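Here is a short set of questions and answers on a single protein chain. Please look over the sequence and the structure before reading on.

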Amino acid sequence: MSEQQTHSETRHVVVVGAGMAGVQTAVALREQGFAGAITLIGAEPHQPYDRPPLSKAVLLGKAEGSAFEVDFEALGVDLRLGLEVTGVRPAEHVVVTEAGEVGYDTLVIATGAEPLTLPGSGGVPGVHLLRTLDDARRLRPVLDQRHRIVVVGAGWIGAEFATAARDAGCEVTVVEAADRPLAGVLPAEVAAPMAGWYAESGAELLTGARVQAVVPGEVLLADGRRLPADAVVIGIGARPATGWLTGSDIALGPEGAITADARLRTSVPDVYAVGDCASFPSARFGERLLVHHWDNALQGPRTVAADIVGEAAADYDPVPYFWSEQFGRFVQYAGHHTDADELVWRGDPSEAPWSVCWLREGALVAVLAVGRPRDLAQGRKLIETAKPLDRERVTDSAVPLKSAVQG
């Protein structure tokens, strides 16, 4: 038996957070030959579950849950659920929980993100968030009763919930403080066509509308309008769930994310961070990225596991990817467009399907595809290769994107 194998068998990895990133870290460790003890700690009492179905099948009562099909006992993973972690003392290699301290040799932080709340809405009857399985289960009867629902926030989660609520026959009004949907995510010219999707579905979208207060049965807007609301769903974004790290010396960025390095190691020894709670440096895009999407939580654990077991892990530098199902459309995005110098349309956004490509010095850096999955799949590969494209061929939606490579 090698020295590395013996060392692996005696090490204890503690993973805090039992969502996608935490579960995949435990799975990846075993797949990559880690033979030591693994403890997976989750704050919720439920079997670890996948989040995307919460705003779709679970919310609409088409599924009771979305538990991962992982046999933790067979993997030799000590699963501790319903246990809140309240702190960590890296110098002592100890995490602090409600039930006492847990020692570790290596710690992986995968606590994800927590939804932002609307100031003054806490404790008001009928106000909901949609982040957890319990949230989805509480909202199901609201949809069943076909209530009048006000959704605050026209981002991805707001659009997905509005879609489900309309499918259930509810009267839906979506309130957005910005002048368009997805204002913090997409440029105005790309987001503008999406505004029409709301009315098309029968939902009312109010842009430039700030919420002044939420009271039982009503949402009061800053301009004096009063919106009747049997239920209010808040979807105004999320922040990394890192408040419990106060005093730990684990470095955080201005948005509260753990500033991991290219191997997803934190600023203190023997501690990694992965998923929604961590940012990482991207050489591909030339800046630090904070990616709050499912694919990041799936991919990052492989880098963490490889580094823990001593493999020659490549730096973590993915092409970010996510998807959203809203108003009868399948919307996909890959890449990162902040530093693009040109935007190219493929297809007419007043019709379906269509795509948008962002180029930097002629190479593709991001693609948004609405009902064009082939554009997304080919575009994702082109972003990885960074080959220069022929702009005219990119513009022609009849030409496969992969055929737009110059030369």
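Q: In the open sheet of five strands, which strands stand at the edges?
A: In this predicted model, the five strands are paired in parallel, in the order β9-β16-β10-β11-β12. The edge strands each have a single partner strand, so one side of each is left without a neighbour in the sheet. Those strands are β9 (127–128) and β12 (204–207).

Q: What is the bridge partner of Ile 149 in β16?
A: Strand β10 covers residues 148–152 and β16 covers residues 231–234. The two run parallel and are joined by four bridges. In β16, Ile 149 is partnered by Ala 231.

Q: At about what angle to β11 does helix α5 run?
A: Helix α5 is formed by residues 156–167 and lies across β10, β11 (171–176) and β16. Its direction relative to β11 is about 165°.

Q: How many residues apart in sequence are the parts that Trp 156 and Phe 322 tie together?
A: The two rings form an edge-to-face pair, 4.8 Å centre to centre with 65° between the planes. Trp 156 lies in helix α5 and Phe 322 in strand β22 (residues 321–326), so the pair joins parts of the chain separated by 166 residues.

Q: Is Phe 322 buried or exposed?
A: Buried means under 20% relative accessible area. Trp 156, with 14%, is buried. Phe 322 has a relative accessible area of 8%, so Phe 322 is buried.

Q: Which residues form one aromatic cluster with Trp 156 and Phe 322?
A: The whole structure holds eight aromatic pairs. Trp 156 and Phe 322 belong to one aromatic cluster, and the other members are Tyr 333 and Trp 358.

Q: How many residues does the largest nonpolar core have?
A: In soluble globular proteins, nonpolar side chains tend to be buried together. Among the residues with the most contacts inside the largest core here are Leu 143, Ile 149, Phe 161 and Trp 358. A second, separate core of 20 residues includes Val 95 and Val 102. The largest core has 93 residues.

Q: Which residue in β6 stands opposite Val 96?
A: Strands β4, β5 and β6 form an open sheet in that order, with antiparallel pairing. Four bridges join β5 (residues 94–97) to β6. The residue opposite Val 96 in β6 is Glu 101.

Q: What percentage of residues 321–404 is strand?
A: An unreviewed UniProt entry annotates this range as "domain: Reductase C-terminal". Its end C-alpha atoms are 21 Å apart. The range is 21% helix, and its strand content is 39%.

Terms used. Residues are numbered from 1 along each chain as its sequence is written. This is a predicted model: local features need pLDDT of at least 70, side-chain atom pairs count only at pLDDT 80 or more; totals for chains, interfaces and linings use all residues. Side-chain values use heavy atoms; hydrogens and water are left out. Two strands pair if DSSP finds at least two bridges between them. UniProt positions are given in the numbering used here, feature names are shortened, and annotations may be inferred rather than shown by experiment. Contact means heavy atoms within 4.5 Å. Axes are lines fitted to C-alpha atoms, for helices over the stretch in contact, and angles run from 0 to 180 degrees between N-to-C directions. A nonpolar core is a set of buried Ala, Val, Leu, Ile, Met, Phe, Trp, Tyr and Cys residues joined through side-chain atoms within 4.5 Å. Buried means under 20% relative accessible area, exposed over 50%, partly exposed in between (1.4 Å probe, protein chains only). Rings of Phe, Tyr and Trp (its six-membered ring) pair if their centres lie within 6.5 Å; planes under 30 degrees apart count as stacked, over 60 as edge-to-face and the rest as tilted.
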